[in-house]
Amino acid sequence: MPRKSQFDYDLIVIGSGAAGSAAATIASREGKRVAIIEADTLGGDSPNWSDVPIKALLHAAQLYDEARHGARFGLRSATLGYNYPSLRAWKELAVKRTGASGNRKFYESQGIDVYLGVARFLTPNEVSVNRKHLSSAHFLIATGSQWTLPDIQGLAEAGYLTPRTILESLRPPKSLYVVGAGTVGVEIAQLMATFGTKVYLAEVASRILPDEDEEVGELMSRLLEEQKGVTSLTHTRTLSVVKDGLGKRVVYSRGGIEKSVRVDEVLVAVGRTPVVDIGLENAHVEYTAKGIEVNEFLQTTAKHIYAAGDVLGYSRPTHSALLESRVVAHNVVLKNKISPDYTATPRLTFSYPGVASVGLTEDDCLRRDLRIEKTIAPLTIVARSNTSDFRDGFVKVITDKRGVVLGGTVVAPHAAEIIHELTLAVKYELTAHQVADTPHAFLSWSEAVRVACGKLAKN
């Protein structure tokens, strides 16, 4: 292999999303010659098409929903309305404020060269982009993943929306059939239902949010039905979609019985495929349709080429991609290699109430045959529930037999903020007694964490 000085760069990062951007900036600050290549929009999926715009719209939807139901607090809000073009303008402002798509100047100010175009490996140390050949001592593949068409007869011909394209719609559809009731499916179902859409939420598993504890899916399904009119179709396989006038007719199987429903639009919120069509064979990088194979240090089969983020084929949150990116930067810059630690990575669904969890779920513990203790503290047990007139939600905590916190789930307003206390407990192996013994502010939702841990501490 030629000496490093014979390469154009020390590190070329392919993809400017969460999995790529952190490594590029860290390596550059450490004096490395760095380039970043982006095939779509700078910043990738999270700030442009998913996390940021969806959360911006969900925030507006929650304000609208709470205000509409303000009569119980003495607010006159019955005539409240909304303007969807203005909501879209707010979403665009939120995206613009993150500044990710305009990051070219930022990267260049950090000494990072930016190339817009599709990268393809020519050799293990060389890629082409826009007919230009670039060489590097190291590479980070952070090309992410894209929504893919599930095996549903007639779907392509009938037309469908993805979580990316539905955000560009000029108005909410009057009715919507959502395929997949994971985090994204539930968030968009609640968003659209808040603005008046009749939503059918279809999921092959026995509950919505199937990666969370059973109590979560049961509660969220009930709340979506009662408060938003969302029909949860669990144990449901979507069979076919055909055009029906201006709308679409969806045929699905539930409990062995075929049924159909007519809707304006179909949203596919399940199934992402890693973007691996970048000439990996020429770089001797092994991969499958499910993603690129890496070792514990995030190295591919070509040791100087790393991979991080969705291209690995796992369904992990954006903050995991950032963690992996930082790990790659460390491993490129320094001799001692480190591995990403996912132990205490929070999982979030920005519904209302929010859903947040960390560590092991009860299902995880059952699969591992772990002996555990568990408890649930309903939100009604804390005073904040009374002053906010919010009565649906809970904190669930799981410990081992020694009382060490293994996992926890929060279903509550501001769940994404509350979960970090349990994240610390999981990360540093605190006991439920230690968490319960920590002072918690009166009239905070977090008192429910103290109550739940207090119950376990007495066992």
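**Exercise 1. The cover of helix α14**

Task: In this predicted model, find which residues of α14 are buried, and name elements that cover them.

Solution: Start with the residues themselves. Glu 447, Ala 448, Val 449, Val 451, Ala 452, Cys 453, Gly 454 and Leu 456 are the buried residues of α14. Next, set that list against the length of the helix: α14 spans residues 447–457, and eight of its 11 residues are buried, leaving the helix mostly covered. Finally, look at what lies over them. The cover of these buried residues includes β21 (372–378), β22, α12 and α13 (432–436).

**Exercise 2. A strand between two partners**

Task: Work out why strand β2 counts as largely enclosed, then describe how β2 pairs with β1 and with β3.

Solution: Begin with burial. Strand β2 covers residues 34–38, and five of the five are buried, so the rest of the structure largely encloses β2. Now split the strand by face. Val 34, Ile 36 and Glu 38 lie on one side, Ala 35 and Ile 37 on the other, and both faces are covered.

Then turn to the pairing. Strand β1 (residues 9–14) runs parallel to β2, and four bridges join them. Within this pair, Val 13 is found opposite Ile 36 of β2. To get from β1 to β2 the chain passes through helix α1 (residues 18–29), making a right-handed β-α-β crossover.

The other partner is β3 (residues 112–116), which pairs with β2 in the parallel sense over five bridges. Here Val 34 has Ile 112 of β3 as its bridge partner.

**Exercise 3. The second largest pocket**

Task: Give the volume of the second largest pocket, and say which element supplies the largest share of its lining.

Solution: The space in this pocket comes to about 970 Å³. Its lining consists of 36 residues, and those closest to the centre are Gln 62, Glu 66, Tyr 352, Phe 390 and Pro 413. Sorting the lining by element, at least two residues each come from α3 (51–68), α7 (183–194), α8 (214–228), β19 (347–349), β20 (354–359) and α12 (415–427). The largest share belongs to α3, with eight residues. Sorting by chemistry instead, the lining holds 15 nonpolar, 11 polar and 10 charged residues.

**Exercise 4. Leu 58 and a distant part of the sequence**

Task: Decide whether Leu 58 is buried or exposed, and find its contacts beyond its neighbours within four places in sequence.

Solution: Place the residue first: Leu 58 sits in helix α3. Its relative accessibility is 9%, so Leu 58 counts as buried, the limit being under 20%. With neighbours within four places left aside, Leu 58 contacts Glu 187, Leu 191 and Phe 350. Take Phe 350 as the example: 292 residues separate it from Leu 58 in sequence, yet their C-alpha atoms are 7.6 Å apart.

**Exercise 5. Unusual backbone geometry**

Task: What is the geometry of the peptide bond from Tyr 352 to Pro 353, and what sign does phi take at Asn 130 and Asp 389?

Solution: Recall the usual case: most peptide bonds are trans, and most residues other than glycine have a negative phi. The bond from Tyr 352 to Pro 353 is cis, with omega near 0°. Pro 353 lies in the loop between β19 and β20.

Asn 130, which is not a glycine, has a positive phi of about 50°. You will find Asn 130 in the loop between β5 (126–129) and β6 (132–141); its relative accessibility of 55% makes it exposed.

Asp 389 also has a positive phi, near 50°. Its loop runs between α11 (383–387) and β22 (394–400), and with a relative accessible area of 31%, Asp 389 is partly exposed.

**Exercise 6. An enclosed space**

Task: How many cavities of 30 Å³ or more does the whole structure hold, and which residues line the largest cavity?

Solution: A search of the whole structure gives one cavity of that size. The volume of the largest cavity is about 50 Å³. Around it stand Gly 309, Asp 310, Tyr 314, Arg 316, Pro 317, Ser 320, Ala 321 and Glu 324. By chemistry, three of these lining residues are nonpolar, two polar and three charged.

Note on methods:
Residues are numbered from 1 along each chain as its sequence is written. This is a predicted model: local features need pLDDT of at least 70, side-chain atom pairs count only at pLDDT 80 or more; totals for chains, interfaces and linings use all residues. Side-chain values use heavy atoms; hydrogens and water are left out. On a 1 Å grid over the protein atoms alone, a cavity is a set of points where a 1.4 Å probe fits but cannot get out, and a pocket is an open set with protein on both sides within 12 Å along at least five of seven lines; lining residues have an atom within 4 Å of a point. Grid points are joined across faces, edges and corners, and a volume is the space filled by probe spheres set on the points. Ala, Val, Leu, Ile, Met, Phe, Trp, Tyr, Cys and Pro count as nonpolar, Asp, Glu, Lys and Arg as charged, and the others, Gly among them, as polar. Buried means under 20% relative accessible area, exposed over 50%, partly exposed in between (1.4 Å probe, protein chains only). Two strands pair if DSSP finds at least two bridges between them. A crossover is right-handed if, with the strands pointing away from the viewer, the path from the first strand over the helix to the second runs clockwise. Contact means heavy atoms within 4.5 Å.
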